[in-house]
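Work through the exercises below with the coordinates open. Try each task before reading its solution.

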Amino acid sequence: MSAKLEDANTIPQTAKSNSGTSGKKIKGVNYNKWGYFFILPFFLVYIIFQLIPLVSTFRYSFYEHYISQGLLSEEVIHRFVGIENYKTVFTDKETWRTLGNTMIMWLMGFVPQIIISLLFASWFTDLRLRLKATGLFKTVIYMPNLIMASAFSMLFFALFSPNGPVNDILIHAGIIKESFRFFSHAGATRGLVALMNFLMWFGNTTILLMAAIMGIDPSLYESAQIDGASSGQIFRSITLPLIRPILVYVVITSMIGGLQMFDVPQILTDGTGSPYGTTKTMVMNLNEHLYSKNYGMAGTISVLLFVLSAILSIAVFLITIRPDTSEVKKKKSKSK
Amino acid sequence: MKRKDDSGAGLTIHRVICYLVLIFFTLLALFPFYVLIVNATRAHADIQKGFSAFFGGSVVSNFKAVLRDDAHPLVRAMLNSFIIAASSSALTVYFSAFTAYGINTYKDFKFRKFANGFILLIMMVPTQVSALGFIDLMAQFGLTNTFWPLIIPSIAAPAVYYFMLSYMESSLPMEIVEAARIDGANEFKTFNTIIIPMLKPALAVQAIFAFVQSWNNYFIPQLIIDSKNNKTLPILIAELRSADFTKFNMGQLYMSIAFAIVPVVIVYLILSKQIVRGVTLGGVKG
């Protein structure tokens, strides 16, 4: 495949020198300039709506902003303060606490999510298991992903409230004697946030991983089965290495999603991060500063979020992408 | 040699375990929605008395209570959300495929390597980190309280680009592009008439993900939109959380949540086969 593509590019390259004089005669017209045309919209939009705002966010983190009340008008004053905002953010307990909360709640949801999704994806695609009604299961487990996070949070708030259905069921079942105040316990509230994140994303992840597994050449599985490999062996030696790119994609996007965690805890706790700020995430903290127009602090927290996501992503890349051996394996198996 | 997996009994036990686990998680995923539907049909007084597994008879009165509540114009908000999500989704899939096609097809232009590396790099940048500059810039453009800041940025979707590029690398034969060139088609036309139809399975799945992402989006819209009539559904639902629950009609509350959830579930149930088939097709091709 890749060799073919290389052939395709060498033609325009050699034709480039004489394309001015005899472009029509040789079929190798230089198509490469079309590349600019195709990547232009993306970059134009990205620069205007993301890159410029990103740069100005960074700039804000070095400024102090306050409103000066004049006799006739208000004026917003921007004053360069160097790294003062950073000193404030780094010594603020709130910064570290919201970072901790975010990581804890993400892990509580993501670890079960990736395990269950891998398990389900391998079951659904297992040629030997031949599970029935997989379409139905997939349909149902993906459904929570379509549910708007704010509506889902509102629903959980109603379900787990002191006189809500869950407490009612637990009391009737004799599991608890009086209603349990889920939203007064840090562990319970964090657990609910994690549960919701898990429910919303495990179906989506299962489908993505399934698509990846089904993209693997079926003959690899057939020959492995003929050789007498067990389901576990097939999963470890064929499936896992070959779906690694999609797995990387899943981990990275989930991690970025985790750092961005906002909707669920925000609405579940009405923006307070209760009890005692144990469910307040970094973005909830950022949101507070944006609302109070505390742009210096908001900018600094944004920079911190940026740096964190960069570090985490690089770490995941280094851990998951080892020198690629899958290509070699493929060639070997073919030569056999 | 591998008795455990090949013998019928071992396989049956394996299967039973699979089904039990699957059924458990299916019920877990369904439970909140079941309670939602039941309680949306029950009157406030009944809900206060305790949980019931059976439907009540107050669908119409709860429905009317939602429509009558002028402080929370839900129908309007649904329409707003739909306009934004549908436009964003279309822009995201079209332009992600567009960009990926440019990188995948033209192997030798000046910024190709840089462009690809750059997009993969920015895939890791959460939108929240530029939110401050974004709302500031939108205010300068006079776009605060409009839908444009929620739609146009969808053109640049690095994660979808990455997915489309992987898909093209694995399952888009260059021979087709070359054949179109021999037929004298221009590259833009080739992309629209030949490549896009070939990408349909991958596009459909990504369109659903993009739609959901925009539909669910709460953080940026709540910073951009502040007039009552332009509010999106998540903003309005979030506002219900601040209501006084000692006075609020719980039947209406559940019905409002159902407004946000049920239409999507219905559309999903109709399209789910296409979604699943789309995923399957995309996989088999690669």
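The exercises cover the interface, one helix, the salt bridges and the unusual backbone angles.

This is a predicted model, where local features need pLDDT of at least 70, side-chain atom pairs count only at pLDDT 80 or more, and totals for chains, interfaces and linings use all residues. Residues are numbered from 1 along each chain as its sequence is written, chains are lettered from A and ligands numbered from 1 in the order in which they are written, and side-chain values use heavy atoms, with hydrogens and water left out.

**Exercise 1. Describe the interface of chain A and chain B.**

Step 1. Count contacts, meaning heavy atoms within 4.5 Å. 104 residues of chain A touch 112 residues of chain B.

Step 2. Compute the buried area, the accessible area (1.4 Å probe) that two parts lose on being put together, summed over both. The two chains bury about 10200 Å² between them. Carbon and sulfur atoms carry 76% of it. On the side of chain A, Phe38(A), Phe42(A) and Met148(A) lose the most area, together 8% of what that side buries.

Step 3. Find the main contributor. Helices (H or I, at least four residues) and strands (E, at least two) are DSSP runs, numbered from the N terminus. Helix H3 (residues 34-60) of chain A gives the most to its side, with 20 residues.

Step 4. Look for charge pairing. A salt bridge is a side-chain nitrogen of Lys or Arg within 4 Å of a carboxyl oxygen of Asp or Glu. Between chain A and chain B the count is zero.

**Exercise 2. Locate the buried residues of helix H10 of chain B.**

Step 1. Apply the classes: buried is under 20% relative accessible area, exposed is over 50%, and partly exposed lies in between (1.4 Å probe, protein chains only). In H10 (residues 174-182), the buried residues are Met174(B), Val177(B), Ala180(B) and Arg181(B).

Step 2. Take the directions from the helix axis to the C-beta atoms. The buried residues cover an arc of only 120 degrees, so they sit on the same side of H10(B).

Step 3. Check what comes after. Gly184(B) follows H10(B), with a positive phi near 85 degrees.

**Exercise 3. Examine the salt bridges within the chains.**

Step 1. Get the total. The structure holds eight salt bridges over all chains.

Step 2. Take Arg79(A) and Glu64(A), which pair at 2.8 Å, N to O. Arg79(A) is in strand E2 (residues 74-80) and Glu64(A) in strand E1 (residues 63-69), 15 residues apart. Arg79(A) is partly exposed at 42%, and Glu64(A) is partly exposed at 32%.

Step 3. Turn to chain B. Lys231(B) and Glu239(B) have their closest N and O atoms 2.7 Å apart. Lys231(B) is buried at 15%; Glu239(B) is partly exposed at 28%.

Step 4. Follow shared partners. Salt bridges join Glu94(A), Arg97(A), Lys280(A) and Glu288(A) into one network. In the bridge of Lys280(A) with Glu288(A), the closest N and O atoms are 3.1 Å apart. Lys280(A) is buried at 7%.

**Exercise 4. Find unusual backbone geometry in chain A.**

Step 1. Recall the norm. Most residues other than glycine have a negative phi, and most peptide bonds are trans.

Step 2. Check omega. Ser274(A) and Pro275(A) are joined by a cis peptide bond, with omega about -5 degrees. Pro275(A) lies in the loop between helix H13 (263-268) and helix H14 (282-291).

Step 3. Check phi. Tyr276(A) has a positive value near 50 degrees. Tyr276(A) is also found in the loop between H13 and H14, and is exposed at 75%. Ala133(A) has a positive phi near 60 degrees. Ala133(A) lies between helix H5 (93-125) and helix H6 (134-146), and is partly exposed at 45%.
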